[in-house]
Amino acid sequence: MGTTAISLRGIRWDRVARLSLLVALGLVLLLYVKPATRYFEAWQLSRDTQAEVKDLRADNAALHARSRELKRTSRVELEARRLGMARPGERVYVVRGLPR
């Protein structure tokens, strides 16, 4: 027998088993990378969506309050006058040069 030939007695089966277990563990970890990143992305999206819903609910409440306010005729008239509108038949005067 030559010196380059490996005999079956010289193989350390405990090392082969350890190495194959490490390779299997590495493969299992690689299989979990993509689902873990998808889970993290879904978690971030959920958090961002919850923040957006909170903002939209606040906007909705403000718009409902504004809607209730504008249902009063006195408030509508005030807003119209602020925009420079007048009732039919009223005379509109513009005063300029007043001190602030």
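## A partly exposed aspartate

Asp59 counts as partly exposed, because its relative accessibility is 47% and the partly exposed class runs from 20% to 50%. This value, like the others here, comes from a predicted model. Asp59 is found in helix α1, which spans residues 13-70.

Asp59 has company on the surface. Together with Asp48, Glu52 and Asp55, Asp59 gathers in a patch of negative charge.

## Overall shape

The protein has two helices. The number of strands is zero. The C-alpha atoms fill a box of roughly 120 × 30 × 20 Å along the principal axes.

The radius of gyration is 39 Å. A compact globule of 100 residues would have a value near 13 Å. Few residues are hidden: of the 100 residues, 1% count as buried. The accessible surface comes to about 10,200 Å². Carbon and sulfur atoms account for 62% of that surface.

## Charges

The protein carries 20 positive side chains and 10 negative ones. The centres of these two sets lie 4 Å apart.

Side chains of opposite charge can pair when their charged atoms come close. In this structure, a search of the whole model finds ten salt bridges.

## Salt bridges of Asp14

Asp14 forms a salt bridge with Arg12. Their closest N and O atoms are 3.5 Å apart. Asp14 also meets Arg18 in a salt bridge, at 3.6 Å from N to O. Asp14 and Arg18 both lie in helix α1. They are four residues apart, about one turn of the helix.

How exposed are these side chains? Asp14 has a relative accessible area of 36%, so Asp14 is partly exposed. Arg12 is partly exposed too, at 45% relative accessibility. Arg18 reaches 51% and therefore counts as exposed, because the cut-off for that class is over 50%.

## Salt bridges further along

Which residue forms a salt bridge with Glu90? The partner is Arg81, and the closest N and O atoms of the pair are 2.8 Å apart. Glu90 is partly exposed, with a relative accessible area of 35%. Arg81 is also partly exposed, with 38%.

Salt bridges can link up as well. Arg66, Glu69, Arg75, Glu79 and Arg82 are joined in a network of them.

Terms used: Residues numbered from 1 in each chain as written. Predicted model: local features only at pLDDT ≥ 70, side-chain atom pairs only at ≥ 80, totals over all residues. Heavy atoms only, no water. Rg over C-alpha atoms; globule rule 2.2 N^0.38 Å. Buried < 20%, exposed > 50% of the residue type's maximum accessible area, 1.4 Å probe, protein only. Areas by Shrake-Rupley, 256 points an atom, 1.4 Å probe, with all protein chains shown as cover. Lys, Arg positive; Asp, Glu negative; His and termini not counted. Charge placed at Lys NZ, Arg CZ, Asp CG, Glu CD. Patch = residues over 30% accessible without salt bridge, like charges linked within 9 Å, V, L, I, M, F, W, Y side chains within 5 Å. Salt bridge = Lys/Arg side-chain N within 4 Å of Asp/Glu carboxyl O.
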